[in-house]
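I opened this entry to keep track of what I looked up. My notes follow in the order I made them.

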Amino acid sequence: MGCFTHTGTPAIAVCKTCGKAICRTCVIETPMAVACSETCARDAIELHEVNQRGKKLYGIGIGATNKLPSLLIFYGLFTIFVLGTGVFSTVRDREIDYASFGFGTILVIFSVITYRRNKDFKIQM
Ligand SMILES: [Zn+2]
Ligand SMILES: [Zn+2]
């Protein structure tokens, strides 16, 4: 295999970004990969960074899933608080506090969804 730019010169590597064969004169080495041009080198670095970021995001995802029970406790306490406020103002004003009860209902739904997701996750393990 010869160099893509210098016909006749044997290639020593293949560009990580575009796949062209590259010779000793053309090769640009980045900490992660070899490239045929500055543009490809920059792309290779960017690609590497995106991959790293992706891995980090994945890590955060796992952390968030493990924290679900504490999130559930938070939802539970918040629901009790909101519904408690609803009952309190209903008794105080002798008028149903639809806002608090509505919000409380939404929180209950949220808690159930969070609980279900947590359960699904455990089953998958
Ligand atoms: Zn290239
Ligand atoms: Zn070359």
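**Start of the chain**

I began with Met1. Setting aside residues up to four places away in sequence, Met1 touches Ala11 and Ala21. I noted that this is a predicted model. Met1 sits in the segment before β1. Is Met1 buried or exposed? I found 10 C-beta neighbours inside 10 Å, so Met1 counts as exposed. I also checked a distance for Met1. Its C-alpha atom is 7.2 Å from that of Ala21, and the two residues are 20 apart along the chain.

**Ala11**

Next I followed the contact from Met1 to Ala11. Ala11 also belongs to the segment before β1, which covers 13-14. Here I counted 20 C-beta neighbours inside 10 Å, so Ala11 counts as buried. The cut-off for buried is 20 or more, so a count of 20 qualifies. Which residues does Ala11 contact, leaving aside its neighbours within four places in sequence? I listed Met1, Gly2, Cys3, Ala21, Ile22 and Cys23. I then looked up Arg24. From C-alpha to C-alpha, Ala11 and Arg24 are 7.2 Å apart, with their positions 13 residues apart in sequence.

**Cys26**

I moved on to Cys26. I located Cys26 in the loop between β2 and β3, the latter being 28-29. Cys26 has 21 other C-beta atoms within 10 Å, so I marked Cys26 as buried. Not counting residues up to four places away in sequence, Cys26 touches Cys3, Thr5, His6 and Cys36. I checked Phe4 as well. The C-alpha atoms of Cys26 and Phe4 are 9.3 Å apart, and the residues are 22 apart in sequence.

**The core**

Where do these buried residues belong? I found both Ala11 and Cys26 in the largest nonpolar core, which has 10 residues in all. The other members are Cys3, Cys15, Ile22, Ala35, Cys36, Cys40, Ala41 and Ala44. Helix α1, residues 38-66, gives the most to this core, with 3 residues. I looked up the contacts of one core member, Ala44. Leaving aside neighbours within four places in sequence, Ala44 is in contact with Lys16, Thr17, Thr30, Met32, Ala33 and Ala35.

**Arg94**

I turned to a backbone angle. Arg94 is not a glycine, yet its phi is positive, at about 50 degrees. Most residues other than glycine have a negative phi. Where is Arg94 found? I placed Arg94 in the loop between α2 (68-93) and α3 (98-124). Arg94 has 7 other C-beta atoms within 10 Å, so I noted Arg94 as exposed.

**The protein overall**

I then stepped back. I counted 3 helices and 4 strands in the protein. Along the sequence, the pattern reads β-β-β-β-α-α-α. The protein has 125 residues, and buried residues make up 12% of them. Of the contacts with a separation of 6 or more, 25% are between residues 24 or more positions apart.

**Confidence**

My last check was on pLDDT. The mean for the protein is 83, and 84% of its residues reach 70 or more. Which elements have the lowest and highest mean pLDDT? I found the lowest in α1, at 75, and the highest in strand β2, residues 21-22, at 94. I added a general caution for reading the model. Where pLDDT is low, the predicted coordinates should not be read in detail.

Conventions:
Residues numbered from 1 in each chain as written. Chains lettered and ligands numbered in written order. Predicted model: local features only at pLDDT ≥ 70, side-chain atom pairs only at ≥ 80, totals over all residues. Helix = DSSP H or I, 4+ residues; strand = E, 2+ residues; numbered from the N terminus. Contact = placed C-beta atoms within 7 Å. Core = buried A, V, L, I, M, F, W, Y, C linked by C-beta atoms within 7 Å. pLDDT = per-residue confidence, 0-100.
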